[in-house]
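Trainee: I would like to learn how to read a structure feature by feature. Where do we begin?
Mentor: Let us put it on the screen and start with the surface.

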Amino acid sequence: MIYLKTDEEIELMYQANQLVGRTLGELAKHVAPGVTTLQLDKIAEEFIRDHGAVPAFLGYGGFPNSLCTSVNEEVVHGIPSSKRVLKEGDIVSIDCGTILNGFVGDSAYTFCVGEVAENVKNLLRTTKESLYLGIQSALEGKRLGDISSAVQTHCEAKGYSVVRELVGHGIGRNMHEAPEVPNYGRRGYGALLRSGMCICIEPMINMGKKNVAFESDGWTVRTKDRMPSAHFEHCIAIRPEGPRILSSFDFIEEVLGNNAI
């Protein structure tokens, strides 16, 4: 069942998601060669708790940390580790969630570590563009497939592939609610978009083939061909006047300035 949120609930979700945005902005100050993904995780957990919230990912389904940190060919759900040291030229998807006032915030951004190859930057740009094209298609009275098609069409036109096994999702008091939001599909198909629906749109786009493998740690998903993968995510609400983005990349881009993707 798809639960439609009230105006008051959407405001609470906005607050939870803005905290995710501020947390990612804080992490943007620390993403650099020589930093471990576990160091980033500790910074995020402290920041979230200092702002009166709790990390949504910590303990979720047994997940051991507050962030998902997925480096290079890792698509999503990478586990932070003191052994995973970021290197010049890496990319790292940081997926972050908060629980604040009973509602969940969820957003992800793929960061460049130092100077990154231009073809990898293009993958990141295209993935981020597809996220906003998906959001533009999230109009009351349209269908979920309109969002999915917008993401898929843009990325495949640039020669990239769309991961099939992992999708976006509804969100609210729980991190994962109905409906699922695939990054591939056909316009005019799928659930009707209604005002009050809150969903996370999160393109996961590969430079190589779409096939993925699940690592033995039970969480990390990587590309089978070990080519780079990018991941960007916003939480949005369907509103009569158009989609409202509840999360934010502004805090990240204030830190990164001209180096932002």
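Trainee: How many Å² does the protein expose, and what share do carbon and sulfur atoms supply?
Mentor: This is a predicted model, so keep that in mind throughout. The protein exposes about 10,800 Å². Carbon and sulfur atoms supply 49% of that area.

Trainee: What percentage of the residues count as buried?
Mentor: The cut-off for buried is under 20% relative accessible area. Of the 261 residues, 56% count as buried.

Trainee: How many helices and strands does the protein have?
Mentor: It has five helices and 15 strands. The radius of gyration is 17 Å, close to the 18 Å that the globule rule gives for 261 residues, so the protein is as compact as a globular protein of that length. Along the principal axes, the C-alpha atoms fill a box of roughly 45 × 45 × 40 Å.

Trainee: What share of the contacts joins residues 24 or more positions apart?
Mentor: Set a floor on sequence separation, then ask about the long-range part. Among contacts with a separation of 6 or more, residues 24 or more positions apart account for 71%.

Trainee: How many positive and negative side chains are there, and how far apart do the centres of the two sets lie?
Mentor: There are 26 positive and 33 negative side chains. The centres of the two sets lie 5 Å apart.

Trainee: Now the backbone. Which peptide bond is cis?
Mentor: The general idea comes before the case. Most residues other than glycine have a negative phi, and most peptide bonds are trans. Here the bond from Ala-178 to Pro-179 is cis, with omega near 5°. Pro-179 is part of strand E8, residues 177–181.

Trainee: What is the phi of His-77, and where does His-77 lie?
Mentor: Phi of His-77 is near 65°, a positive value in a residue other than glycine. His-77 lies in the loop between strand E3 (74–76) and strand E4 (91–100). With a relative accessible area of 27%, His-77 is partly exposed.

Trainee: And what is the phi of Arg-226?
Mentor: It is near 60°, again positive in a residue other than glycine. Arg-226 sits in the loop between strand E12 (221–223) and strand E13 (229–231). Its relative accessible area is 48%, which makes Arg-226 partly exposed.

Trainee: On to cysteines. How many disulfides does the structure hold?
Mentor: Zero. The test is a pair of cysteine sulfur atoms within 2.5 Å.

Trainee: Why does Cys-96 have no bond to Cys-68?
Mentor: Cys-68 holds the closest cysteine sulfur to that of Cys-96, but the distance is 9.4 Å, too far for a bond. Cys-96 is buried, at 0% relative accessibility.

Trainee: How far is the sulfur of Cys-235 from the closest cysteine sulfur?
Mentor: The distance is 4.2 Å, to Cys-200, and that is too far for a bond. Cys-235 is buried too, with a relative accessible area of 0%.

Trainee: Back to Cys-68. Which residues is Cys-68 in contact with?
Mentor: Leave aside neighbours within four places in sequence. Cys-68 is then in contact with Phe-57, Phe-63, His-77, Gly-78, Ser-93, Ile-94 and Asp-95. So His-77, the residue with positive phi, is one of the contacts of Cys-68. Cys-68 lies in strand E2, residues 67–71, and is buried at 6% relative accessibility.

Trainee: Let me try a helix. Where is Leu-123 found, and is Leu-123 buried or exposed?
Mentor: Leu-123 is found in helix H3, residues 118–136. At 0% relative accessibility, Leu-123 counts as buried. Not counting residues up to four places away in sequence, Leu-123 touches Tyr-160, Ile-205, Asn-206, Met-207, Pro-228, Ser-229 and Ala-230.

Trainee: What about Gln-18: buried or exposed?
Mentor: Gln-18 is buried, with a relative accessible area of 12%. It belongs to helix H1, residues 7–28. Beyond neighbours within four places in sequence, Gln-18 is in contact with Leu-246, Ser-247, Ser-248 and Phe-251.

Trainee: And Glu-241: buried or exposed?
Mentor: Glu-241 is exposed, with a relative accessible area of 67%. Find Glu-241 in the loop between strand E14 (234–237) and strand E15 (244–245).

Key: Residues are numbered from 1 along each chain as its sequence is written. This is a predicted model: local features need pLDDT of at least 70, side-chain atom pairs count only at pLDDT 80 or more; totals for chains, interfaces and linings use all residues. Side-chain values use heavy atoms; hydrogens and water are left out. Helices (H or I, at least four residues) and strands (E, at least two) are DSSP runs, numbered from the N terminus. Buried means under 20% relative accessible area, exposed over 50%, partly exposed in between (1.4 Å probe, protein chains only). The radius of gyration is taken over C-alpha atoms; the globule rule is 2.2 Å times the number of residues to the power 0.38. Contact means heavy atoms within 4.5 Å. Accessible areas come from the Shrake-Rupley method with a 1.4 Å probe; for residues, only the protein chains shown count as cover. Lys and Arg count as positive and Asp and Glu as negative; His and the chain ends are not counted. The place of a charge is taken as NZ of Lys, CZ of Arg, CG of Asp or CD of Glu.
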